[in-house]
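Welcome, and thank you for taking a look at this protein. The report below walks through it step by step, from the whole chain down to single residues.

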Amino acid sequence: VVWVLGGPGVYREALPLADALALTVVTGGFDAEAAGAFVPGSGAAFFPSEWEDYFELESRAAPVSRIDAASGISFEFRDYVAKRGPRTGRRAGACALEGRPLLKSEQ
């Protein structure tokens, strides 16, 4: 298993090679717009939108929903598999807002 962690460019290069995607999706309690994520120069980095071209939700694994008690943020762990089927054993991991994948850049 190889985990791919990075910014949008790293993910964009890795997605076509990965067999699975472990995605943490923030489903509520966080307002990216209010947090300034869409303001130029904010340091926010967006997960490539084309990831859905490569992956589909794993039918055998229901998303696991959780709520962080301290922040009130709700999120789900979702497992996706490559539409083309397993090939490399590689996995990509990411965090996303419901409907708007988003990663905070560490740069």
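## First look at the surface

How much area does the protein expose, and what share of it do carbon and sulfur atoms supply? The exposed area is about 6,600 Å², and carbon and sulfur atoms account for 54% of it. Please keep in mind that this is a predicted model.

One spot on the surface is worth finding early on. Val-1, Trp-3 and Leu-5 make up a nonpolar patch there, and together they have about 400 Å² of accessible area. Val-1 sits in the segment before β1 (2-4) and is exposed, at a relative accessible area of 78%.

## The overall layout

The protein has one helix and nine strands. If you follow the sequence from its start, these elements come in the pattern β-α-β-β-β-β-β-β-β-β.

Of the 107 residues in the protein, 34% are buried. Take the contacts between residues at least 6 apart in sequence: 78% of them join residues at least 24 apart. One pair to look up is Gly-6 and Ala-45, which are 39 residues apart in sequence, with their C-alpha atoms 9.8 Å apart in space. Gly-6 belongs to the loop between β1 and α1 and is partly exposed, with a relative accessible area of 30%.

## The nonpolar core

Now let us turn inward. In soluble globular proteins, nonpolar side chains tend to be buried together. Here, the largest nonpolar core has 13 residues. The residues with the most contacts inside this core are Leu-15, Leu-21, Leu-23, Phe-47, Trp-51, Phe-55 and Tyr-80.

Which elements supply at least two residues each to this core? They are α1 (8-14), β2 (20-28) and β6 (74-82). The largest share, three residues, comes from β2.

## The hairpin of β5 and β6

Strand β5 (residues 64-67) pairs with β6 in the antiparallel sense, over four bridges. Six residues lie between the two strands of this hairpin, and in it Gly-72 takes a positive phi near 80 degrees. Across the pairing, Ile-67 stands opposite Ser-74 in β6.

Is Ser-74 buried or exposed? Ser-74 counts as buried because its relative accessibility is 16%, under the 20% limit. Apart from its neighbours within four places in sequence, Ser-74 is in contact with Val-25, Val-26, Thr-27, Gly-28, Arg-66 and Ile-67.

Glu-76 is also placed in strand β6. The C-alpha atoms of Glu-76 and Ser-65 are 4.3 Å apart in space, while the two residues are 11 apart in sequence. Leaving out residues up to four places away in sequence, Glu-76 touches Leu-23, Thr-24, Val-25, Thr-27, Pro-63, Val-64 and Ser-65.

## Salt bridges

Side chains of opposite charge can pair when their charged atoms come close. How many salt bridges does a search of the whole structure find? The search finds three.

One of them joins Arg-12 and Glu-50, whose closest N and O atoms are 2.8 Å apart. This pair links distant parts of the chain, 38 residues apart: Arg-12 is in helix α1, and Glu-50 is in the loop between β3 (44-45) and β4 (55-57). Arg-12 is partly exposed at 42% relative accessible area, and Glu-50 counts as partly exposed at 23%.

Another salt bridge is formed by Arg-60 and Glu-58, with 3.0 Å between their closest N and O atoms. Arg-60 counts as exposed, with 74% relative accessibility, whereas Glu-58 is buried, with a relative accessible area of 13%.

Glu-76, already met in the hairpin, forms a salt bridge with Arg-78, and their closest N and O atoms are 2.8 Å apart. Glu-76 is buried, at a relative accessible area of 16%, and Arg-78 counts as buried too, at 14%.

Definitions and conventions:
Residues numbered from 1 in each chain as written. Predicted model: local features only at pLDDT ≥ 70, side-chain atom pairs only at ≥ 80, totals over all residues. Heavy atoms only, no water. Patch = residues over 30% accessible without salt bridge, like charges linked within 9 Å, V, L, I, M, F, W, Y side chains within 5 Å. Areas by Shrake-Rupley, 256 points an atom, 1.4 Å probe, with all protein chains shown as cover. Salt bridge = Lys/Arg side-chain N within 4 Å of Asp/Glu carboxyl O. Buried < 20%, exposed > 50% of the residue type's maximum accessible area, 1.4 Å probe, protein only. Core = buried A, V, L, I, M, F, W, Y, C linked by side-chain atoms within 4.5 Å. Contact = heavy atoms within 4.5 Å. Pairing = 2+ DSSP bridges.
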